[in-house]
Amino acid sequence: MSEVPDPMEASRRYAELAATYERRVRLTNRWRPAAVRRLRLQPGDHVLDVGCGTGANFPHLVAAVGPSGRVTGIDLSEAMAALARTRAAEHGWDNIDVVVGDAATAPLPAKVNGALFFLVHDLVRMPGVIDRVASACRPGARVVALGPKWAPRWAWPLNALVRRGIRPYVTTFEGLDTPWDHLQRRLDQFSVSQLAVGTLYVAEGRVPN
């Protein structure tokens, strides 16, 4: 593990994980609908799914923005993005775009109405990514992040499970005490709540006017 996120290593890992990713993380699917609801999207909105992976959030995002809205997913891994595109095609979702590239440098849409970071610890630990995503959002747009964190002090034995559970999917454990702090510096009306005995967090806020 490195002290900072390593996009090249992440790309290598996810090329290997893509085929089995959804089976591996299926237990987290219970939190996807609630995370999307926190974005408070409206029909016709445009939402950004940062680190969209295989597109597991797409059903909930498409339902939120409706056929007149748009979903843009971005993922570092071509293998993961290919599965996301296949999902969209199989469901006939022609209002989804999937961008392959590093979120720190890849082209992003402008004036989106919301952005979701779901189980992408490496990305929320990159201030440059947070700044670019916030800049792609309209003023007042909501940004929501859900991901792993170290357990509270009273539940510290759970940290062995956290470490083992996330090791395949992250390139750094840096920032797991407060994974949301880069988001907090960039957003207004910021709040954090904890799930799963404090081993997961959900953070939300608004892009300043």
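Is L119 buried or exposed? With a relative accessible area of 19%, L119 counts as buried, since the cut-off is under 20%. Keep in mind that we are looking at a predicted model here.

**Two residues with positive phi**

L119 is worth a second look for its backbone too: its phi is positive, about 55°, although L119 is not a glycine. You'll find it in the loop between strand 4 and helix 6. A196 is another non-glycine with a positive phi, this one about 50°. A196 belongs to the loop between strand 6 (188-195) and strand 7, and it is partly exposed. Here are the two laid out together.

| Residue | Phi | Relative accessible area |
|---|---|---|
| L119 | about 55° | 19% |
| A196 | about 50° | 33% |

**The nonpolar cores**

Now for the inside. The largest nonpolar core is made of 26 residues, and V50, F117, L123, V143 and L183 have the most contacts within it. Several elements give two or more residues to this core: strand 1 (46-50), strand 4 (112-118), helix 6 (121-124), helix 7 (127-136), strand 5 (137-148) and strand 7 (200-206). Strand 5 gives the most, with 4 residues.

Take V50 as a way in. Setting aside its neighbours within four places in sequence, V50 touches I74, A103, L116, F117, F118, V120, L123 and V133. There is also a second, separate core, this one with 24 residues, including L41, V65, V98 and V144.

**Helix 5**

Helix 5 covers residues 78-91, so to speak a 14-residue run, and spans 20 Å from its first C-alpha to its last, close to the 20 Å expected at 1.5 Å a residue. Its buried residues are M80, A81, A84, R87 and A88. Why do they sit on the same side of helix 5? They cover an arc of only 115° around the axis, which puts them on that one side. The general rule helps here: an α-helix has 3.6 residues a turn, so residues three or four places apart point the same way.

What lies over the buried residues of helix 5? The cover includes helix 1 (7-17), helix 2 (21-24), helix 4 (58-65), strand 2 (70-75) and strand 3 (96-100). Turn to the face of helix 5 pointing away from its buried side and you meet the exposed residues A89 and E90.

Both ends of the helix have something to show. At the N-terminal end, S77 acts as a cap for helix 5, with a side-chain oxygen 3.3 Å from the backbone nitrogen of A79. After helix 5 comes G92, with a positive phi near 70°.

Terms used. Residues numbered from 1 in each chain as written. Predicted model: local features only at pLDDT ≥ 70, side-chain atom pairs only at ≥ 80, totals over all residues. Heavy atoms only, no water. Core = buried A, V, L, I, M, F, W, Y, C linked by side-chain atoms within 4.5 Å. Buried < 20%, exposed > 50% of the residue type's maximum accessible area, 1.4 Å probe, protein only. Contact = heavy atoms within 4.5 Å. Expected span 1.5 Å × (residues − 1). Arc of directions from axis to C-beta. Polar contact = N/O pair within 3.5 Å; in protein donor to acceptor, adjacent residues only side chain to side chain.
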